[in-house]
Amino acid sequence: MVMTKIKHFLAAAVLLWSFSSCSKVEYTKVDKPAYLRVFNDFNTRIGVENKDEQKPFMCMLIDPEFDKDGVPVGAAIKGDFLDKRDPYAPPYPSHIGSSTSKRNPEYPGKESVPAGPVLNGFDLSSWAQIPSGKHRIIFYYRPMNEIPFFDLEPAVRKNVVVDTTLELGVEEVYTMHVLQTDFTTKSRGIIVRKENFHLLPLSDSMVYVNFYNYSAAGFWSADKSKKIDNYEDGVMRFGIRDDVNIWMSLCKPGGWNTITGYKYAYLGQMKRSIGNGTAPYYSFPLFADAASNRITTDIWQRFTLLVPGLDPERIPYGDRDSYVDGQYGLLALYGNGARQTFERGGLFLPSMIINIHSGTYNPRSFATVNTLEVVNGTAYLTTIQRRYPKPVY
């Protein structure tokens with residue numbers, strides 16, 4: 001089923017590349033490319049309390065052109081209709097050809113642009129190729145309609161979110177985040193993370209994950225009445241402290257059934273930072289469950305985020321109604337991300353292990369490289385996969 005969807009995606013991508021209409025942005029072959037993926041991390045929820053705030057719907061212009069009045073009229077690259085990101089960024093570009101809406105949860109996402117290759121065994125088809133070198137990048141707020149950015153009224157095309165200049169290296173992989181940097185002042189900024197997963201000696205028998213807290217300064221400590229309550233984000237919906245320890249548990253389905261040696265295993269620390277640095281990867285064996293047949297595994301992952309000094313064995317889990325003052329958070333990566341009834345306090349995301357038809361096995365389990373990012377009371381998972389053998393029918 002998954003491979004069928006991928007085939008349909010590839011067919012749709014070919015059609016889009018073949019029949020795309022003329023516009024103010026023309027995409028051609030990219031020489032000496034860099035690889036870029038962009039997320040809109042403005043997850044502010046607009047309600048009665050903050051009804052006057054700008055809705056986080058944007059257009060990204062790379063190397064824009066302006067008329068005599070300073071209104072953008074063209075760009076080398078355009079990423080329009082950039083909506084708030086989805087909780088899960090899967091290991092292949094699932095958005096293109098799968099929706100009638102123009103809203104795009106990431107760039108390139110639905111955009112018909114030259115995609116990244118398989119680089120050192122890793123699938124970069126969710127990254128766009130862009131020319132390396134120095135670029136001016138501007139994000140603009142735009143109305144939540146389906147009118148292309150350059151067809152909007154000139155006065156609407158001048159509402160800048162953030163404006164910056166970046167130098168991108170040849171065949172380097174970048175993940176960009178546009179986000180709120182201070183919860184009180186509502187200041188905005190960009191993080192450009194230069195990825196290194198494709199340069200590391202990572203084993204295909206291990207699952208890897210690293211962690212970032214990109215929350216705005218002052219978010220967790222602000223009075224909760226100033227935040228929109230997203231009940232589905234569990235106990236961490238009002239934010240997590242700036243310095244927490246990470247504890248990992250690996251579990252079998254059916255409840256709180258931990259695997260021997262993987263109950264509250266300490267990984268390291270996560271500190272809030274809006275810098276561009278790369279965090280270290282932690283790992284665990286794909287077949288950590290000794291009872292598995294080493295072809296498939298059904299284990300799921302649970303990460304407990306605790307302020308230093310708290311013991312994970314002594315935390316009263318399971319009640320997301322409790323206000324925990326940013327002292328702990330729970331991330332449960334379970335199957336397809338379905339919510340589990342046995343613990344109510346966790347934020348649920350898909351598993352980091354991919355199960356797919358490959359070779360003669362249906363399914364077969366594969367390890368991945370993952371990033372978990374905490375942003376203002378919620379968390380996001382990005383998964384990157386290696387190449388795997390095609391299915392044999």
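**Exercise 1. Strands S2 and S3**

Task: In this predicted model, determine how many bridges join S2 to S3 and in which direction the two strands run.

Solution:
- Step 1. Count the bridges: S2 is joined to S3 by 7 of them.
- Step 2. Read the direction: the two strands run antiparallel.
- Step 3. Pick a residue pair to place the register: methionine 58 has leucine 82, in S3, as its bridge partner.

**Exercise 2. The sheet around this pair**

Task: State the strand order of the open sheet that holds S3 and S2, and find which strands are its edges.

Solution:
- Step 1. List the strands: the open sheet has 4, in the order S3-S2-S8-S9, with antiparallel pairing.
- Step 2. Find the edges: S3 and strand S9 (160-168) each pair on one side only, and these are the edge strands.
- Step 3. Add the twist, which averages 25° from one strand to the next.

**Exercise 3. Arginine 85 and its partners**

Task: Locate arginine 85, decide whether it is buried or exposed, and identify its side-chain partners.

Solution:
- Step 1. Arginine 85 sits in the loop between S3 and S4.
- Step 2. Its relative accessibility is 5%, and the limit for a buried residue is under 20%, so arginine 85 counts as buried.
- Step 3. The side chain of arginine 85 forms a salt bridge with that of aspartate 41, at 3.2 Å from N to O.
- Step 4. Aspartate 41 belongs to the loop between strand S1 (33-40) and strand S2 (58-66), while arginine 85 follows strand S3 (72-82) in the loop before strand S4 (88-89), so this pair ties together parts 44 residues apart in sequence.
- Step 5. Like arginine 85, aspartate 41 is buried.
- Step 6. A further partner is glutamate 373, whose side chain makes a polar contact of 2.9 Å with that of arginine 85.
- Step 7. Beyond neighbours within four places in sequence, the contacts of arginine 85 include Phe39, Pro105, His177, Tyr380 and Thr382.

**Exercise 4. Two more salt bridges**

Task: The structure holds 17 salt bridges. For the pairs arginine 237 with aspartate 229 and aspartate 242 with arginine 272, give the N to O distance and the burial of each residue.

Solution:
- Step 1. In the salt bridge of arginine 237 with aspartate 229, the closest N and O atoms are 2.6 Å apart.
- Step 2. Arginine 237 has a relative accessible area of 7% and is buried, whereas aspartate 229, at 42%, is partly exposed.
- Step 3. Aspartate 242 and arginine 272 meet through their side chains at 3.6 Å, N to O.
- Step 4. Aspartate 242 lies in the loop between strand S12 (206-213) and strand S13 (243-252), and arginine 272 in the loop between strand S15 (265-271) and S16; the pair links distant parts of the chain, 30 residues apart.
- Step 5. Both ends are partly exposed: aspartate 242 has a relative accessible area of 33%, and arginine 272 has 24%.
- Step 6. As for salt bridges that share partners, one network joins Asp41, Arg85, Arg193, Glu195 and Glu373.

**Exercise 5. Asparagine 293**

Task: Find where asparagine 293 lies and which backbone nitrogens its side chain reaches.

Solution:
- Step 1. Asparagine 293 is in the loop that runs between strand S16 (282-285) and strand S17 (300-306).
- Step 2. Its side chain reaches the backbone nitrogen of isoleucine 295 at 2.9 Å.
- Step 3. The side chain of asparagine 293 also reaches the backbone nitrogen of threonine 296, at 2.9 Å.

Definitions and conventions:
Residues are numbered from 1 along each chain as its sequence is written. This is a predicted model: local features need pLDDT of at least 70, side-chain atom pairs count only at pLDDT 80 or more; totals for chains, interfaces and linings use all residues. Side-chain values use heavy atoms; hydrogens and water are left out. A polar contact is a pair of N or O atoms within 3.5 Å; within protein, one must be able to donate a hydrogen and the other to accept it, and residues adjacent in sequence count only if both atoms are side-chain atoms. A salt bridge is a side-chain nitrogen of Lys or Arg within 4 Å of a carboxyl oxygen of Asp or Glu. Buried means under 20% relative accessible area, exposed over 50%, partly exposed in between (1.4 Å probe, protein chains only). Two strands pair if DSSP finds at least two bridges between them. Axes are lines fitted to C-alpha atoms, for helices over the stretch in contact, and angles run from 0 to 180 degrees between N-to-C directions. Contact means heavy atoms within 4.5 Å.
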